[in-house]
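Here's a quick briefing on how a protein model meets its DNA, and on the space shut away inside the protein. Have a look at the structure first, then read on.

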Protein chains: 2
Amino acid sequence: MATSKKKSDTGLADSIAPGNVTAKDLSNMLGIAQSSVSRAFTPDSRISDELRQRIIALADEVGYRPNAIARSLNTKSSGIVALVMGDITNPFYPEVLEAFSYRLQKEGKQLLLFVVPPGRQADDVMPQVLQYQIDAVIVTSAHMSSRTADMCCRRGIPVIFLNRRVKNNSVWSVCCNNARMGESVADYLVERGYRRCAFIAGAANTSTSSDRRRGFVKALGRHGLTLAASLDGHYTYEGGYAAAHALFRNQKNDVDALFCANDIMALGALDYLKHVAKLAVPHDVAVVGFDDIRAAAFPAYNLTTVRQPTQEMIDVTMRLLAEGAPPDQAGKALHEVGGQLITRGTA
Amino acid sequence: MATSKKKSDTGLADSIAPGNVTAKDLSNMLGIAQSSVSRAFTPDSRISDELRQRIIALADEVGYRPNAIARSLNTKSSGIVALVMGDITNPFYPEVLEAFSYRLQKEGKQLLLFVVPPGRQADDVMPQVLQYQIDAVIVTSAHMSSRTADMCCRRGIPVIFLNRRVKNNSVWSVCCNNARMGESVADYLVERGYRRCAFIAGAANTSTSSDRRRGFVKALGRHGLTLAASLDGHYTYEGGYAAAHALFRNQKNDVDALFCANDIMALGALDYLKHVAKLAVPHDVAVVGFDDIRAAAFPAYNLTTVRQPTQEMIDVTMRLLAEGAPPDQAGKALHEVGGQLITRGTA
DNA sequence: ATGAAAGCGCTAACAT
DNA sequence: ATGTTAGCGCTTTCAT
């Protein structure tokens, strides 16, 4: 029981009080240079296979792993990607989050998450985020000022907007072809005989909502129609519900189809129409959403919607990250990937 | 326009090429010691108010913020809390995530998120996580071996299981009073006249599911009843749907009430019962869930369920983190907070 | 109260 | 291929 109580003294780590073995400890135990230990954990570094094996073996035995913080300090890259997300209440975003997490894990990167509270901006959290030598910032469903985006850019931190188009051309945007899909929805509804089509918008000022609306209106125009109504549903369930309420409370028949800028609003609208207004969907009124969240396929809703190509959007995002280049001034800062109309029971 | 192009040369940071101003730069500009800059950003440190003001003022002007990575390196604490989450598909967990994120933001801490893919364990990601000098690990809805938990503990990293009870007494558990609420559900169903009650379990081996079941069975026993059936629904929508299908496909009337170990299974069961089996809920069969996710209140489901006190659970978790102490050997490693039965239309 | 100097644990030149 | 030596940007003694 004569276990020595010395610590970091002889350089031989006590096997009884492990926890934080360092590269120095390891090198002492093996009688080699500390830098060799570092090399053993650096791919493509000049070190003999034999030495690397010995180092790794001992490392496994004593539970050594390089300290990522120390590494980050001199490489100036932490291996951490920040994801700034508003509106996590919308089930679409947890789906994005899940996919993103898997993707980053595969690349050995970490995911630092910020949920932006309703009514606040991504800007508020950025100063904090930037203290961590983040490799990149992905902003989704949240607003960030050009000023802040530029600040990141100047620090060499790429900023990518996912599911938001942004004017600022020091950042990338990755989106679904929203306007085009808006057109598809209009074409589909008109083809099915609907003529008095309304639009339930998401949050004001969001490109996704206005792009979808623009395409929708444009295609209606091609059929000689105009928008029967347009309300703001704030991208929330409650907003969709309230919009449907506003449109149908008087049983007036001005509207026979509802295109909602996202699914969660569509669910809210459906719940009002079916359970409160007691209308028959799609007979009395059709409803179409956008995103194709999981619940859209539940029998209770069975929602016709536009599927966002989440996986492809993330693939593009990761590719942009890997390239690391900021968008060229020329302008092509927007990447669009194609959505798909999924027809179910509501339209 | 004679802006000098020198950089980090005289020590005077160029105002045209900022990005990474360091404490050293700042101290040079002010003709003071770098350690004073550090002190200016350290609460309760010995520095005159006057000097601190000057430093902060300049820092704001040039956009200096202390490098969190460098700070972490010598304080050995990164200000980052890791959240390891399985099953993000269950809407309950995004709700937890949101609340947790807000809470950590309030304390100035960062949230590192890991989503554990289905079929894998939290153990797989822990070695990676530990490289980052994490302040604590919260595990929710995922399994982690005692071995891994002990490893964290030995490194001085507190591990807290949220919504999972665990035998290992080097970690804390924070749960709802699951067994008690299971009893409440049974009492409620029996009181409403249901006699042939089935249980749809979550993932096998999870304490939450078995605790809820145990309480449920116990209370049924008090009323002289036994469990009419018990199936595994794996805590998923599809699992709940499949379980209901298995129980009701033959229109046999062995069961008149279903207690599902979580809400998302209950939604699956409800969708099958109402839209496929065309049964009347709650007339033909009652359904009760657990969690009180947002969708439980949607008119399409209107689910009677047990509300988990998410906020309180997180409060307790944060308090444990602040205290930092590992559970005392004596055993009281489990914190239970009270749930609440929310009666709606399905039972 | 402030300055000087020694690390935190690693990576990245340099040597050899 | 390996060892030696400087840092990365801070915090923290230790002086003064």
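**DNA contacts and cavities**

A phosphate oxygen of DNA strand C sits 2.5 Å from a backbone N or O atom of A:A23, which falls under polar contacts (pairs of N or O atoms within 3.5 Å). Keep in mind that this is a predicted model, where local features need pLDDT of at least 70, side-chain atom pairs count only at pLDDT 80 or more, and totals for chains, interfaces and linings use all residues. Residues are numbered from 1 along each chain as its sequence is written, chains are lettered from A and ligands numbered from 1 in the order in which they are written, and side-chain values use heavy atoms, with hydrogens and water left out.

**DNA strand C**

- A polar backbone atom of B:S48 is 2.7 Å from a phosphate oxygen of this strand, and one of A:N67 is 3.0 Å from a phosphate oxygen of DNA strand C.
- Helices α2 and α4 of chain A, plus α2 and α4 of chain B, give two or more residues each to the surface near DNA strand C; helices here are DSSP runs (H or I, at least four residues), numbered from the N terminus.
- There are 26 residues around DNA strand C, and A:A23, A:S38, A:R71, A:N74 and B:K76 come nearest; being near takes a heavy atom within 4 Å of the strand.
- Of the strand C atoms that come within 4 Å of the protein, 62% are sugar and phosphate.

**DNA strand D**

- This strand is surrounded by 26 residues, the closest being A:R39, A:N74, A:K76, B:S38 and B:R71.
- On the base side, a polar side-chain atom of A:N74 is 2.4 Å from a base nitrogen of DNA strand D, while one of B:N74 is 2.6 Å from a base oxygen of the strand.
- On the backbone side, an N or O atom in the B:R71 side chain is 2.6 Å from a phosphate oxygen of DNA strand D.
- Sugar or phosphate makes up 60% of the strand D atoms within 4 Å of the protein, and bases make up the rest.

**Cavities**

- The whole structure has seven cavities of 30 Å³ or more; a cavity is a set of points, on a 1 Å grid over the protein atoms alone, where a 1.4 Å probe fits but cannot get out.
- The largest cavity has a volume of about 510 Å³, counted as the space filled by probe spheres set on the points.
- It has 31 lining residues, with A:T89, A:P91, A:A295, B:P91 and B:A295 closest to its centre; lining residues have an atom within 4 Å of a point.

Conventions
A polar contact is a pair of N or O atoms within 3.5 Å; within protein, one must be able to donate a hydrogen and the other to accept it, and residues adjacent in sequence count only if both atoms are side-chain atoms. On a 1 Å grid over the protein atoms alone, a cavity is a set of points where a 1.4 Å probe fits but cannot get out, and a pocket is an open set with protein on both sides within 12 Å along at least five of seven lines; lining residues have an atom within 4 Å of a point.
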